[in-house]
Amino acid sequence: MPKKQQKNTEDPIPKDLFDILACPLCKADLEYTKDKKGLLCSKCGEKYPIKGGIPELLPRKMK
Ligand SMILES: [Zn+2]
């Protein structure tokens, strides 16, 4: 049985860290954006940048 391995996935964030990440606004799971340069909340759609391998989970403050 052939095993399917994901060799092409180059996640900017270690999986251990990624697994515990959650949206600070609604606590929903986050997923990578298409280019994997950011994180996207699966619930509220808030987008967070990843800088130097560290996600910046700061919700944009609105006046
Ligand atoms: Zn959210």
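Two strands count as paired if DSSP finds at least two bridges between them. Keep that cut-off handy for these exercises on a predicted model.

**Exercise 1. Work out which residue of β2 is the bridge partner of Glu31, and check that β1 and β2 pair.**

Step 1: β1 covers 30–32, and β2 covers residues 38–41.
Step 2: DSSP needs at least two bridges for a pair, and β1 and β2 have 3, in the antiparallel sense.
Step 3: Across from Glu31, the partner in β2 is Leu40.
Step 4: Now look at the link. The β1–β2 hairpin has 5 residues between its strands, and Lys36 takes a positive phi near 60°.

**Exercise 2. Extend the sheet: what is the strand order, and which strands stand at the edges?**

Step 1: Go from β2 to β3, residues 47–51; these two pair over 3 bridges, again antiparallel.
Step 2: Spot Gly38, which stands opposite Pro49 of β3.
Step 3: The β2–β3 hairpin also leaves 5 residues between its strands, with Gly45 in the turn at a positive phi of about 80°.
Step 4: Put it together: the order is β1-β2-β3-β4, an open sheet of 4 strands with antiparallel pairing.
Step 5: β1 and β4 (54–55) are the edge strands; each has a single partner, so one side of each lacks a neighbour in the sheet.

**Exercise 3. Find the covered face of β2 and the residues of the largest nonpolar core.**

Step 1: Split β2 by face: Leu39 and Cys41 are on the covered one, Gly38 and Leu40 on the uncovered one.
Step 2: Then list the largest nonpolar core, which has 5 residues: Leu39 and Cys41 turn up again, along with Cys23, Leu30 and Tyr48.
Step 3: Follow Tyr48 outwards. Leaving out residues up to four places away in sequence, Tyr48 touches Gly38 and Leu39, plus Pro55, Glu56 and Leu57.

**Exercise 4. Why is Tyr32 classed as partly exposed?**

Step 1: Locate Tyr32 in strand β1.
Step 2: Recall the cut-offs: buried takes 20 or more other C-beta atoms within 10 Å, exposed 12 or fewer.
Step 3: Tyr32 has 16, so Tyr32 is partly exposed.
Step 4: For a long-range check, try Asp11: 21 residues apart along the chain, the C-alpha atoms of Tyr32 and Asp11 are separated by 8.7 Å.

Conventions: Residues numbered from 1 in each chain as written. Predicted model: local features only at pLDDT ≥ 70, side-chain atom pairs only at ≥ 80, totals over all residues. Core = buried A, V, L, I, M, F, W, Y, C linked by C-beta atoms within 7 Å. Contact = placed C-beta atoms within 7 Å.
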